[in-house]
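The following exercises concern the strand arrangement and the surface of a single protein. Please work through each task before reading its solution.

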Amino acid sequence: MSFTYAEDMEFLAFTSGSVEFTADETLTGAVGGATATVKDWDLTSGSWAGGDAAGTAWISALVGTLQAEALNGSIGGADMATASGASSPGYSSLRTEERRV
């Protein structure tokens, strides 16, 4: 996947990650029902296997408002991570070798 800036790109802080995101996976907020497409992510602490992965996910095609809530993935399943709060406009500044292919 080629990661480039998109006008609708947002970033979303997450915690309690237990299943790693998949590029182009749809996330749905468990409380509010907002949806978004995962484009990239950066793990800053913890581990997926330990269920305490934390970091930032870059999302696009956001419909609704994500809030501090469990995130259900179209591939990763229910409660795969927890959004720390609302998403914010922005885009990935990750180095090329860290981007998902």
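**Exercise 1.** Determine which pattern of secondary structure the protein follows along its sequence.

*Solution.* Read along the sequence of this predicted model, the elements give β-β-β-β-β-β-β. The count agrees with this reading: there are 7 strands and 0 helices.

**Exercise 2.** Establish how strand β5 is paired with β2 and with β6.

*Solution.* Step 1: locate the strands. β2 covers residues 26-29 and β5 covers residues 69-73, while β6 covers residues 77-83.

Step 2: examine β2 against β5. These two strands pair in the antiparallel sense, with 3 bridges. One residue pair in this ladder is Gly-29 with its bridge partner Leu-71 in β5.

Step 3: examine β5 against β6. The sense is again antiparallel, here over 4 bridges. Glu-69 has Ala-83 of β6 as its bridge partner.

Step 4: identify the connection. β5 and β6 form a hairpin, and 3 residues lie between the two strands.

Step 5: combine the results. β5 pairs with β2 and also with β6.

**Exercise 3.** Describe the contacts, burial and exposed surface of the protein as a whole.

*Solution.* Step 1: consider sequence separation. Of the contacts between residues at least 6 apart in sequence, 64% join residues at least 24 apart.

Step 2: consider burial. With buried defined as under 20% relative accessible area, 37% of the 101 residues fall in this class.

Step 3: consider the surface. The protein exposes about 5,000 Å², of which 51% is supplied by carbon and sulfur atoms.

Note on methods:
Residues are numbered from 1 along each chain as its sequence is written. This is a predicted model: local features need pLDDT of at least 70, side-chain atom pairs count only at pLDDT 80 or more; totals for chains, interfaces and linings use all residues. Side-chain values use heavy atoms; hydrogens and water are left out. Two strands pair if DSSP finds at least two bridges between them. Buried means under 20% relative accessible area, exposed over 50%, partly exposed in between (1.4 Å probe, protein chains only). Contact means heavy atoms within 4.5 Å. Accessible areas come from the Shrake-Rupley method with a 1.4 Å probe; for residues, only the protein chains shown count as cover.
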